[in-house]
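Student: I have a new model open and I'm not sure how to read it. Could you walk me through a few features?

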Amino acid sequence: MGKAMVAAAAALAMGASALTGWARAQDIPSGPELPEFDEPPSILAILAHPDDEITIAPALAIAARSGGEVALVFATSGDAGPGSSGLEPGEALAALREDEARCSASALGLEQPQFWRLGDGTLAPLARMPDSPARTLAARVAEAVERYEPDVVMTWGPEGGYGHSDHRMVSAVVTQVLAGMGDGRPDLLYSAIPADPAIAAPPGFEDWARTDPALITDRIGYERVDLEAAGEALGCYESQFPQEARAALIPMLHGMVWRGKVHFRLAFAHEF
Ligand SMILES: [Zn+2]
């Protein structure tokens, strides 16, 4: 996620659409039971940095636990984000963060993640140039969608959570590629924090963008075991979060943001 999360950590985020069988916003199951999947959806989650998946971790965990194929891809390996590690930016840091991401994926019950290694912080600058990392990212996204044929693609919203340029670019490029597809386009879900005036932003999330609840299309309910998996996944990221944050962040997100369901906004309508 990045520096904002690390700063926050010392004190202390975030049923799918018609085809997946997850409930729509107006039809939320109230019980703790598993969503009733006709067929578990396959999910391709495309994110910017190792640890970004924590913001949607319980949703990934329950999807995998329900038997759906869940592929996790990181556009960069976070080589510019030492977090709380004290390491210098560079390859050693990237290798460490990749190991942490493998640990996180295992905790969530996922297959090993893919690393596209496009360079932390490099996606936005010079994006229009012919050989830019952003153009490579677009090609990789297209290849991944063709390879995995997911029912659902999950990524950052256009705001990138708290505005990180890599997050924004991953969101924009994934959106661009899927918008260009014809038949067979997967559902594109943006992770979202619902705007609820009754709920204060958790400490450290004051700068995170909120989404009008009227635009939240998908709320993926999870169970305690999924929350525990999310906690275990976060615990893998020793380079990014001090110990007290690794202990406190997931309960805080559960209590103040997720509250039993991870929220998403469907990017493209199914029908007109
Ligand atoms: Zn990030």
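Student: Let's start with helix α2. Which strands does helix α2 lie across?

Tutor: Keep in mind that this is a predicted model. Helix α2, residues 57–65, lies across β1 (43–47), β2 (70–74), β6 and β7 (261–266). Relative to β2, the helix runs at about 145°.

Student: How many of the residues in α2 are buried?

Tutor: Burial is judged by counting neighbours: a residue is buried if 20 or more other C-beta atoms lie within 10 Å of its own. By that count α2 is mostly covered, with eight of its nine residues buried. Those are A57, P58, A59, L60, A61, I62, A63 and A64. They pack against β1, β2, β6 and β7, and also against two helices, α7 (224–235) and α8 (243–258). Just past the end of α2, look for G67, which takes a positive phi of about 100°.

Student: What angle do α2 and α7 make where they pack?

Tutor: The angle is about 120°, and the axes are 8 Å apart. Angles over 145 count as roughly antiparallel and 65 to 115 as roughly perpendicular, so α2 and α7 are oblique to each other. The crossing is right-handed. On the α2 side, the contact is made by A57, P58, A61, I62 and R65, and on the α7 side by D226, L227, A229, A230 and A233.

Student: And which residues touch the most other members of the largest nonpolar core?

Tutor: That core has 70 residues, and A45, I46, L60 and V170 touch the most other members. Our helix matters for the head count: α2 gives the most to this core, with seven residues. Take L60 as a case to click on. Leaving aside neighbours within four places in sequence, L60 is in contact with A45, E53, V70, L108 and L110.

Student: Now the sheet. In what order do the strands come?

Tutor: The general idea is that strands of a sheet pair through backbone hydrogen bonds, either parallel or antiparallel. Here seven strands form an open sheet with mixed pairing, in the order β3-β2-β1-β4-β5-β7-β6. The edges are β3 (114–115) and β6 (218–221), each pairing on one side only. For one pair to trace, try β4 (residues 152–155) and β5 (residues 187–191), which pair in the parallel sense over four bridges. V152 stands opposite D187 in β5.

Student: Is M154 in strand β4 buried or exposed?

Tutor: M154 sits in β4, and it counts as buried because it has 29 C-beta neighbours inside 10 Å. It's also a nice example of chain positions coming together: M154 and Y190 are 36 residues apart along the chain, yet their C-alpha atoms are separated by 5.9 Å. Setting aside neighbours within four places in sequence, M154 is in contact with I43, A45, I56, L189 and S191.

Student: One more helix pair, please. How far apart are the axes of α4 and α6?

Tutor: The axes of α4 (residues 133–148) and α6 (residues 165–179) are 9 Å apart, and the helices pack at an angle of about 55°. That makes α4 oblique to α6. Their crossing is right-handed. A134, L137, A138, V141, A142 and V145 in α4 meet M169, V173, V174, Q176 and V177 in α6.

Student: And the overall tally: how many helices and strands are in the chain?

Tutor: Eight helices and seven strands. Of the chain's 272 residues, 50% count as buried.

Conventions:
Residues are numbered from 1 along each chain as its sequence is written. This is a predicted model: local features need pLDDT of at least 70, side-chain atom pairs count only at pLDDT 80 or more; totals for chains, interfaces and linings use all residues. Two strands pair if DSSP finds at least two bridges between them. Two residues are in contact if their C-beta atoms, placed from the backbone, lie within 7 Å. Axes are lines fitted to C-alpha atoms, for helices over the stretch in contact, and angles run from 0 to 180 degrees between N-to-C directions. A residue is buried if 20 or more other C-beta atoms lie within 10 Å of its own, exposed if 12 or fewer, and partly exposed in between; C-beta atoms are placed from the backbone. A nonpolar core is a set of buried Ala, Val, Leu, Ile, Met, Phe, Trp, Tyr and Cys residues joined through C-beta atoms within 7 Å. Angles under 35 degrees count as roughly parallel, over 145 as roughly antiparallel, 65 to 115 as roughly perpendicular and the rest as oblique. A crossing is left-handed if the near helix is turned anticlockwise from the far one by less than a right angle, and right-handed if clockwise.
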